[in-house]
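Colleague: Please take a close look at the aromatic rings in this model. I would like one connected account, in short steps.

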Amino acid sequence: MFQDVIENEVCDDVTKHGGRIRNFKHERGNWATYVYIPFQPREEFWDLLDELLSMAADHGVILNKMSEFHISQSQTVVLRHHWIDPFVQSLRDRLHTMYRFVCIADQIKVYTNQEKTRTFLGLEVTVGMDNLLEVVSEVDKSLQEFKLQTFYQNPSFHVSLAWCVGDVSAKLNPNCVTLLQRALDRFEDSGTLTRIYTEEIRCKSGNKTFCIPLQ
């Protein structure tokens with residue numbers, strides 16, 4: 001029934017989580033689910049990221065690179081297994097007629113999660129906000145169908161680049177962020193490297209990833 005499904009091996013070994021703490025307890029039959037826009041950067045992007053992380057280390061913060069990059073279009077919610085296919089179908093019905101668009105994420109910003117257990121270095125979106133809000137509006141409608149929590153009000157759309165355990169935002173202070181921003185701005189081809197071509201929306205539920213192409 002559903003095409004473009006990517007399945008990954010399930011692994012819940014906490015020793016492989018780098019000390020990260022779950023926001024909710026894992027229970028059999030409950031699938032952590034979120035909607036996002038993937039970002040597959042050019043090879044040169046990794047050189048930029050290495051430079052930013054080196055500068056953060058000079059300020060006493062050792063950050064771990066994200067294994068993949070994306071712009072969140074929902075919070076992480078919990079779906080029962082038998083809800084997954086109907087939920088994805090609801091997303092398909094709402095999103096498949098939307099057109100592709102471009103985002104630019106070129107503003108350095110520091111984030112912490114709600115529990116203050118992790119800090120993230122991110123790139124905030126500065127171009128494409130209206131398109132992202134349109135996607136979120138449709139995703140929220142699907143979430144509401146299943147009585148699930150909708151996205152944040154006045155969201156700061158961003159790509160998380162790296163993370164560490166704990167709240168280290170005091171070390172990644174405005175002065176540090178200014179230096180990181182300058183490094184980004186002067187990096188060769190930074191305008192191209194921070195451009196995100198949105199061609200599909202993805203929904204990851206447990207070990208399955210569903211792809212919804214845009215027109």
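Modeller: A residue counts as buried when its relative accessible area is under 20%. Keep that cut-off in mind for what follows. The model is a predicted one.

By that cut-off, both F39 and F69 are buried. A search of the whole structure finds 9 aromatic pairs. Take F39 and F69 as one of them. Their ring centres are 6.4 Å apart and their planes meet at 55°. Planes under 30 degrees apart count as stacked and over 60 as edge-to-face, with the rest called tilted. The angle of 55° lies in that remaining range, so the F39 and F69 pair is tilted.

Where do F39 and F69 sit in the chain? F39 belongs to strand β2, residues 30-39, and F69 to strand β4, residues 69-72. They are 30 residues apart, and the pair links distant parts of the chain. F39 and F69 also belong to one aromatic cluster, together with F45 and W46.

Now compare the pair made by F151 and F157. Its centres are 6.1 Å apart, with 20° between the planes, and the pair is stacked. F151 has a relative accessibility of 11%, so F151 counts as buried. F157 is buried too, with a relative accessible area of 2%.

Next comes F120, in strand β7, residues 118-127. Its relative accessibility is 13%, so F120 counts as buried. F120 and W163 are 43 residues apart in sequence, yet their C-alpha atoms are 4.3 Å apart in space. Set aside the neighbours of F120 within four places in sequence. F120 is then in contact with M66, K109, V110, Y111, N113, S160, A162 and W163.

One more aromatic residue leads into a helix. F87 is among the buried residues of α2, and the others are I84, V88, S90, L91, R92 and L95. Strand β2 helps to cover these buried residues of α2. That is the strand that holds F39. The cover also includes β5, α3, β10 and β11.

Step back to the whole chain. It has 5 helices and 11 strands. Of its 215 residues, 47% count as buried. Consider the contacts with a separation of 6 or more. Residues 24 or more positions apart account for 81% of them. The F39 and F69 pair, 30 residues apart, spans such a distance in sequence.

Key. Residues numbered from 1 in each chain as written. Predicted model: local features only at pLDDT ≥ 70, side-chain atom pairs only at ≥ 80, totals over all residues. Heavy atoms only, no water. Helix = DSSP H or I, 4+ residues; strand = E, 2+ residues; numbered from the N terminus. Buried < 20%, exposed > 50% of the residue type's maximum accessible area, 1.4 Å probe, protein only. Contact = heavy atoms within 4.5 Å. Phe/Tyr/Trp six-rings, centres within 6.5 Å; stacked < 30°, edge-to-face > 60°.
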